[in-house]
Amino acid sequence: MNPQTILLYDGTFDGFLCCVFIAYEQKILDPIIRKESQTNNQLFTITEQVITQKEKAERVWAGFKEKTDPTEQKNFFKAFLSEIKGVENTLLNYIRSVFVNQVNKKNIDFSNKDILKISQVARMVGREKHRIEAFVRFQLIKDDLYVATIAPDFNVLPLIIHHFQDRYADQKWLIFDIVRKYGIYYDLNSVEIITFEDLTGINTKILKNSYSDQETDFQKLWSIYYKNVNIKSRKNKKLHLQHLPKRYWKYLTEKNAI
């Protein structure tokens, strides 16, 4: 029995594309693509560490873009960001079908199970993106930095950069994903990716004693306003939860009164 090859990568999109490049270069027919952070419990496998190289990633992506339309490309990236177990191999299968067949850019073949799965997963990630954009609440801390922490189901930070950069272009802000331990920071000029090995620093910053006086007053006023505009006789808890799932409440000032 021939051992199966496991390609380990750093978890980045470029790293994944490099795995695709290696699979073609070494003619690996049925590899398993997996993040370095994931454990391997499989027997009879060969493990290969894939080094992320920008030029290899760009070659794969350029070839993919030639045969697909922008919608497919966006869905492909969103599916990758889902981090669903095994999604890398679904994406690899799709890339292979694209490279083998002359895909009509105007007609997406949803009879292909990989295309259908990618489309379904992309919609899930898209919904999470829109909800995070709607429910993120910034807190102004004492060094004039607006901070928000999130814990989304999917890795949506790369998808929300343009929304917040356009909407809050006149203030410095940081949105930090506490699940994946990295964030996006805007310094009034550009957005950069930041990471924290230890979350103590970011947690300390968003404690109440780090709020600016303006932020403390604002949260009190907002809580009072929210309580007063609610009409108890018209309260519909089921409808409320439908439009505002409980897992997003932790982001909302009105749900966390001081």
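## Strand pairing, helices and nonpolar cores

Leu8 stands opposite Arg34 in strand S2. This pair belongs to a predicted model, in which strands S1 and S2 run parallel and are joined by four bridges. Together with helix H1, which spans residues 13–25, S1 and S2 make a right-handed β-α-β unit. Within S2, Ile32 and Arg34 point one way while Ile33 and Lys35 point the other way, and all of these residues are buried, the two charged-type names included. In a regular strand, side chains alternate between the two faces of the sheet.

Thr45, in strand S3, lies 13 residues from Ile32 in sequence, and their C-alpha atoms are 9.6 Å apart. Is Thr45 buried, partly exposed or exposed? Its relative accessible area is 22%, and because buried means under 20% and exposed over 50%, Thr45 counts as partly exposed.

Nonpolar residues gather in two separate cores. The largest holds 48 residues, of which Leu7, Phe16, Phe76, Leu91 and Ile175 touch the most other members. Helix H1 gives the most to this core, with nine residues. A second, separate core has five residues, among them Ile141, Val147, Leu174 and Ile194. In soluble globular proteins, nonpolar side chains tend to be buried together. Leaving aside its neighbours within four places in sequence, Leu91 is in contact with Phe16, Phe76, Ala79, Phe80 and Ile118.

Further along the chain, five strands form an open sheet of mixed pairing, in the order S4-S5-S6-S7-S8. Strands S4 and S8 each have a single partner strand and stand at the edges, so one side of each is left without a neighbour in the sheet. Inside the sheet, S6 and S7 pair in the antiparallel sense over five bridges, and Asp177 stands opposite Tyr182 in S7.

| Strand | Residues |
|---|---|
| S4 | 139–140 |
| S5 | 146–150 |
| S6 | 173–177 |
| S7 | 182–186 |
| S8 | 191–195 |

Helix H6, residues 157–167, lies across S5, S6, S7 and S8 and runs at about 20° to S7. Its buried residues include Leu157, Leu159, Ile160, Ile161 and Phe164. What covers the buried residues of H6 includes strands S5, S6, S7 and S8 as well as helix H3 (70–81) and helix H5 (113–135). An α-helix has 3.6 residues a turn, so residues three or four places apart point the same way.

Conventions: Residues numbered from 1 in each chain as written. Predicted model: local features only at pLDDT ≥ 70, side-chain atom pairs only at ≥ 80, totals over all residues. Heavy atoms only, no water. Buried < 20%, exposed > 50% of the residue type's maximum accessible area, 1.4 Å probe, protein only. Pairing = 2+ DSSP bridges. Right-handed = clockwise from strand over helix to strand, strands pointing away. Core = buried A, V, L, I, M, F, W, Y, C linked by side-chain atoms within 4.5 Å. Contact = heavy atoms within 4.5 Å. Axes fitted to C-alpha atoms, helices over the stretch in contact; angles between N-to-C directions.
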